[in-house]
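User: Please take a close look at how the aromatic side chains pack in this model. I'd enjoy one connected walk through them, with the cut-offs spelled out as you go.

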Amino acid sequence: MACGVAVTLAGCSTPHYYWQSVKGQWRLWQAMEPVEEVLRRPNLDALTRKRLLLAEEVRGFALEALHLPDHGGYRDYADLGRSWVVWVVNAAPAYSLEPLQWCFPIVGCLGYIGFFSREEGEQLARELAAQGYDVVAGGVGAYSTLGWFRDPLLNTFFERGEVGLAQLLFHEMAHGLLYVEDDTPFNEAFAETVAREGVRRWLEKRGEREALRRYHDHLIREGEVLQLMTGLREELGRLYEQPLSDPEKRENKHRVLEEGRERYRRLKAGWGGKGEWDGWFGPELNNARLANVATYHRLIPAFLTLLHNHEGRLDGFYQAARQLGEQPLPMRRQRLEELLDQAGEKGERADDGEHR
């Protein structure tokens with residue numbers, strides 16, 4: 001990896017970032033053991049055993065039913081001794097919703113940067129905040145090497161519950177099927193669409209109707225939160241375009257974000273107090289958070305519409321997504337906006353799981 005060209009920081013010099021990436025990946029490899037050997041341990045705790053067996057089932061379903069590629073991943077297990085694998089930093093200017101970009105070989109430019117060291121990630125976050133950027137930083141439990149290396153199962157996967165584990169594996173394996181350089185929103189929305197459809201089909205196959213209902217309800221709540229976040233982005237976008245002084249923008253920005261928190265509290269009350277997204281509306285509700293949510297979620301309805309247009313057939317959906325990824329970026333964005341418009345016209349939501 002190489003550091004981003006969009007921002008120059010002493011803590012993110014290219015050799016140093018290369019070195020921490022190599023060290024972190026090497027330590028992860030050193031911790032890997034074949035799953036079959038881990039399962040033979042007589043003292044293996046029951047939860048880890050259950051999750052490893054479930055992961056084998058999910059992986060097999062992904063290969064056979066979702067036709068995701070087999071790059072040899074998730075046949076090994078690594079316990080990192082912590083609750084995250086990479087410490088990720090997102091940033092955006094104080095009066096803009098465009099995220100900072102970091103550019104790397106192979107994967108292209110991304111709207112975030114990850115460290116195997118929490119201390120180094122937090123140091124970069126502090127440097128960016130001192131320069132006036134809005135910053136969000138925290139640990140993530142998974143990442144994909146896109147099939148370049150044999151990704152292992154990690155202890156960090158197992159804190160998500162059964163459905164969360166399945167969704168994560170489907171998502172990460174989908175990155176190995178299709179990845180478009182320099183287009184994080186495309187890649188994440190495609191992978192998440194595959195993950196959601198995968199969870200739906202997997203639960204149906206298992207006959208877990210109650211779990212499927214709970215998952216559908218979760219996606220409905222998530223759709224309401226994303227609609228709220230979209231509204232905040234639009235309101236702040238209009239604010240930042242106004243000919244106001246920075247102090248005026250700062251005051252109005254604070255007002256908009258506080259109103260957003262209040263709207264979330266009302267949503268949460270309507271759900272019976274379920275607080276799955278409390279972290280999004282805490283102190284780090286800022287431009288970086290809003291940009292990050294948009295990067296990962298905004299285009300999901302477009303891909304769901306594309307899947308619907310192919311009557312739920314994954315082969316047709318995958319082919320159409322590949323063709324879309326091969327188009328020049330402006331044409332690709334235009335087509336995705338058209339699909340978003342179709343989703344709106346049909347009243348489809350990001351939580352819609354019916355394609356047939």
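Analyst:
**Aromatic rings and the core**

F61 and F170 are both buried (under 20% relative accessible area with a 1.4 Å probe, protein chains only; exposed is over 50%, partly exposed in between). A word on the basis: this is a predicted model, where local features need pLDDT of at least 70, side-chain atom pairs count only at pLDDT 80 or more, and totals for chains, interfaces and linings use all residues. Numbering runs from 1 along each chain as its sequence is written, and side-chain values use heavy atoms, leaving out hydrogens and water.

Across the whole structure, a search turns up 17 aromatic pairs (Phe, Tyr or Trp rings, six-membered for Trp, with centres within 6.5 Å; planes under 30 degrees apart are stacked, over 60 edge-to-face, the rest tilted). One of them joins F61 to F170: it is tilted, with 6.0 Å between centres and 50° between planes. F61 belongs to helix α3 (residues 46-64) and F170 to helix α5 (residues 161-177), so this pair ties together parts 109 residues apart in sequence (helices are DSSP runs of H or I, at least four residues; strands are E runs of at least two; both are numbered from the N terminus).

Now to a second pair, F190 and Y318. Their ring centres are 6.2 Å apart and their planes meet at 65°, so the pair is edge-to-face. Since F190 lies in helix α6 (residues 184-206) and Y318 in helix α11 (residues 314-326), the pair ties together parts 128 residues apart in sequence. Buried or exposed, F190 and Y318? Both are buried.

F190 and Y318 also belong to a wider cluster, in which ring pairs link them with F186, F303 and F317. F186 has a charged partner too: the charged end of R332 sits over its ring, 5.8 Å from the centre (NZ of Lys or CZ of Arg within 6 Å of the ring centre and within 35 degrees of the ring normal). Elsewhere, R82 places its charged end over the ring of W84, 4.2 Å from the centre.

How do these rings fit into the nonpolar core? The largest such core has 78 residues, and F157, F170, F190 and F303 have the most contacts inside it (a core is a set of buried Ala, Val, Leu, Ile, Met, Phe, Trp, Tyr and Cys residues joined through side-chain atoms within 4.5 Å). Helix α6 supplies the largest share of this core, nine residues. Apart from this core lies another, of 19 residues, including L232, Y240, W280 and V293.

Back at F170, neighbours within four places in sequence aside, its contacts include F61, V194, V199 and W202 (heavy atoms within 4.5 Å).

Y240, in the other core, leads us to two lysines. K249 is found in helix α8, and its contacts include Y95 and Y240, not counting residues up to four places away. K253 is also placed in helix α8; at 9% relative accessibility, it counts as buried. With neighbours within four places left aside, K253 is in contact with residues including Y95, D134 and Y240.
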